[in-house]
Protein chains: 2
Amino acid sequence: MFSEKTILRIPGPTPVPPEVTRAMTHPMIGHRSGDFSALLAEVEANLREVFHTSGDIAVIAGTGTAGLEASVFSMVRQGDAVLAISTGNFGDRFTEIARRTNATLYTLNYEWGQPAKEQDVVQMLKEHPEIEVVLMSHCETSTGVLNDVQAIAKITRAHGAYLIVDAVSSFIGSPLLMDEWLVDVVVTGSQKALALPPGLALVALSKRALERVKNGPPARSFYFDLARYHKDLGADTTPWTPPVSLIYGLRASLAMIKQEGLEQAQARHRLLRDMTRAGVRALGLKLMVEDEKYASHTVTTVLVSDADAVRKVMKNDLHIAVAGGQKQLSGKIIRIGHMGYVDASDILQCLAALEIALVQTGHEIKLGAGVSAAAEVYLHAENPRY
Amino acid sequence: MFSEKTILRIPGPTPVPPEVTRAMTHPMIGHRSGDFSALLAEVEANLREVFHTSGDIAVIAGTGTAGLEASVFSMVRQGDAVLAISTGNFGDRFTEIARRTNATLYTLNYEWGQPAKEQDVVQMLKEHPEIEVVLMSHCETSTGVLNDVQAIAKITRAHGAYLIVDAVSSFIGSPLLMDEWLVDVVVTGSQKALALPPGLALVALSKRALERVKNGPPARSFYFDLARYHKDLGADTTPWTPPVSLIYGLRASLAMIKQEGLEQAQARHRLLRDMTRAGVRALGLKLMVEDEKYASHTVTTVLVSDADAVRKVMKNDLHIAVAGGQKQLSGKIIRIGHMGYVDASDILQCLAALEIALVQTGHEIKLGAGVSAAAEVYLHAENPRY
């Protein structure tokens, strides 16, 4: 009966709204057609609004990691010095991508669960004035840490370097005012709060980053050469065949976000985060990120003994998938994704299922405590009716 | 009324069958789940059959060009000598990708419309015994030339080099017996005869190519590192988030091909090619590829004066999109795609529309001559009932 029912409360891929699924069934069109150019131009204009940039957004067939590689392989030149800041598994991935460029690589690695510290970045840039490009994650998906992009962007710009931000799992959920905060490159993917299937990477370039990309030597990659994407965007097209169906889906997703209002969508994500955190705490569980300032709006990480057994009950008996820990956190945490097509009732359901799974795996909790704590947060929220 | 009706007779993207569209609406699933692993394992087994290989097929989020880059960036190492054979626009693209690797690059460039010649390859490999990797296109989509992969594979293997074949637009439509012909790497994409939306690249590695990839230094690219794809395929998963919906679509497409039978599907493509060529000739038009041996089974190129005006009538009045020429062939040719979800009646319709468009643009033709010549081919085919 329920073989196709799995409610995704993982930090991506996320549930795809029916509006998006329908949009993606549009009959196929040629990508060198006026219809496609009109579609891309419309999407591009709406993307600029959600990226808060007047720059270009490259629409790339590939997933988030493709976007990270496109940004690094276009921005980092032979012989550059690069600072890679890592606060977890996805930060490490960003570092690995930079390593392939044979750049001189400096790293700042933080204990998993901790955010990046501004003073370390200041210090590093002072010690290594040759650093030209800085890489960081906004939300570190493996730990649920939300790094302070605004602060680090300010430091990076003061130094004269370029900041590339992995915003794959924070995008839409958390504010990221690209131009205002002086961020040079923002990367995201389709399968998080944009609520599309995976397969689209989006890379936004500030005017300043674009100048670097346009005037530099050829990019390390041909497929990911952002100078080519920029050139073709000028003619409302893409250098290679684009993922047409996903772009129809993206148009629908952006329309839904516009209808809700981006700020309202961000308030919703923050509320869902607050509900989740209150619920988890009321069950006597510990959060990995105690400090609310650094707690992701899109994924909440909970320390649970026997985490994978708890997840298994939730998945098998109640058809709710939450994520486990990666690498050294394997078996020690549960990550609850609350991004994209998620509302308050989804969080209540998830917490209720978590309670049952905790009881069934022998944890001593007060049944209902998590759900009611979350409900209290909801009832006291300023404007929770989304 | 017909704003969503455009019959795609371009060489990709191609019409998506309703079976595939439906399959792609499957609710989203997590990619680190048992459900996804089962899906990937099933798809992988069926891919091996259509690739005619016992090797691995990497399933990559990206389009055909991504597959080409993945193959070159994984197979070509710093300092290698590479021979790039180009018979048109997509061959040139393959060459450009190789150029990014800083390999020592040798090229064989043919006049557009001409196939690659075996003796040139023999000569080149003799003159440059250091060549380790050879790149070629099977079907050159810009001209409709079908190159002789089997012959060039034999030459390449005798030399001890590795052959990478761009089979993006020939795959399924034309036989390519990867293992038997001694081809090392075959690249294809989803939006051609597989009849999926664009967004998936498939890269098959022979056992021999896999050894090279596994034992070499790290690939130039992180995202496209085929050693990582191979390692994860062993656990029925992918290194990065895969394009889940497209993989559901791929399963449906492969099931349709299996039901028809791959050889039958290839016979169908050949028949559609023969019908198209007969129809075009009966209208007094010239084919770009006169020699049937080198005439693509999936795209037919027709020399037409005022080609873009003809195309415009077909598109605007009859809702049939055919492709024009690229670069130096712009305005001089019409390319008719007949790959994927296409049957004989589709070709008759396309030729009938071409006739009307020719009349309306002032060409002197005998109305009905093209359609009836194609019908004759159909009626005399051995087993045309697909």
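1. I'd start with helix α8 of chain A, whose buried residues pack against a mixed set of partners: the helices α3 (64-75) and α9 (226-233), plus the strands β5 (131-137), β8 (162-166), β9 (185-189) and β10 (200-205), in chain A as well. Keep in mind throughout that this is a predicted model. The helix itself spans residues 207-215, and its buried residues are A209(A), L210(A), R212(A) and V213(A). Looking down the axis of α8(A), these buried residues sit within an arc of 160°, so they line one face of the helix. On the face turned away from that buried side you'll find the exposed residues K207(A) and N215(A). Note that an arginine, R212(A), is on the buried list next to an alanine, a leucine and a valine.

2. A word on the annotated domain. UniProt, in an unreviewed entry, lists residues 23-329 of chain A as "domain: Aminotransferase class V". Over that stretch the chain is 44% helix and 18% strand, and the C-alpha atoms at its two ends are 38 Å apart.

3. Next, the helix pair α12 and α13. In chain A, α12 (residues 307-318) and α13 (residues 344-360) have axes that come within 8 Å and cross at roughly 115°, and the crossing is right-handed. From α12(A) the contact uses V310(A), V313(A), M314(A), D317(A) and L318(A); from α13(A) it uses C350(A), A353(A), L354(A), I356(A), A357(A), L358(A) and Q360(A).

4. Have a look at the corresponding pair in chain B too. There the axes of α12 (residues 307-318) and α13 (residues 344-360) come within 8 Å, crossing at roughly 115°, and this crossing is right-handed. The α12(B) side contributes V310(B), V313(B), M314(B), D317(B) and L318(B), while the α13(B) side brings C350(B), A353(B), L354(B), I356(B), A357(B), L358(B) and Q360(B).

5. That cysteine in α13 deserves its own point. How many disulfides does the structure hold over all chains? Zero. For C350(A), the closest cysteine sulfur is the one in C139(A), 16 Å away, which is too far for a bond. C350(A) also counts as buried, at 2% relative accessibility. In chain B, C350(B) is in no disulfide, and the nearest cysteine sulfur, that of C139(B), is 16 Å off. C350(B) is buried as well, with a relative accessible area of 3%.

6. On to R335(A), where UniProt's unreviewed entry places a "binding site" feature. The residue lies in strand β14 (residues 333-337) of chain A. Is R335(A) buried or exposed? Buried, with a relative accessible area of 6%. Leaving aside neighbours within four places in sequence, its contacts include R9(A) and P11(A), T141(A) and S142(A), the run V299(A), T300(A) and T301(A), and then V322(A), A323(A), G324(A) and Q326(A).

7. E140(A) is worth a click. It is found in strand β6 (residues 139-140) of chain A and is buried, with a relative accessible area of 0%. Not counting residues up to four places away in sequence, E140(A) touches T87(A), G88(A), N89(A), F90(A), G91(A) and V145(A). If you want a ruler across the chain, the C-alpha atoms of E140(A) and T361(A), 221 residues apart along the chain, are separated by 29 Å.

8. Now the backbone geometry. Most residues other than glycine have a negative phi, and most peptide bonds are trans. The peptide bond from G12(A) to P13(A) is cis, with omega near -5°, and P13(A) is in the loop between β1 (7-9) and α1 (18-24) of chain A. In chain B, the bond from G12(B) to P13(B) is cis with omega near -5°; P13(B) is found in the loop between β1 (7-9) and α1 (18-24) of that chain.

9. Two positive-phi residues to check by eye. N102(A), not a glycine, has phi near 60°; it belongs to the loop between α4 (89-100) and β4 (104-109) and counts as exposed at 52% relative accessibility. L182(A) has a positive phi of about 70°, sits in the loop between α7 (178-181) and β9, and counts as partly exposed at 33%.

10. Last, G160(A), in the loop between α6 (149-159) and β8 of chain A. It is partly exposed, with a relative accessible area of 40%. G160(A) and P129(A) are 31 residues apart in sequence and 9.3 Å apart in space, C-alpha to C-alpha.

Note on methods
Residues are numbered from 1 along each chain as its sequence is written. Chains are lettered from A and ligands numbered from 1 in the order in which they are written. This is a predicted model: local features need pLDDT of at least 70, side-chain atom pairs count only at pLDDT 80 or more; totals for chains, interfaces and linings use all residues. Side-chain values use heavy atoms; hydrogens and water are left out. Buried means under 20% relative accessible area, exposed over 50%, partly exposed in between (1.4 Å probe, protein chains only). Helices (H or I, at least four residues) and strands (E, at least two) are DSSP runs, numbered from the N terminus. The arc is that of the directions from the helix axis to the C-beta atoms. Contact means heavy atoms within 4.5 Å. UniProt positions are given in the numbering used here, feature names are shortened, and annotations may be inferred rather than shown by experiment. A disulfide is a pair of cysteine sulfur atoms within 2.5 Å. Axes are lines fitted to C-alpha atoms, for helices over the stretch in contact, and angles run from 0 to 180 degrees between N-to-C directions. A crossing is left-handed if the near helix is turned anticlockwise from the far one by less than a right angle, and right-handed if clockwise.
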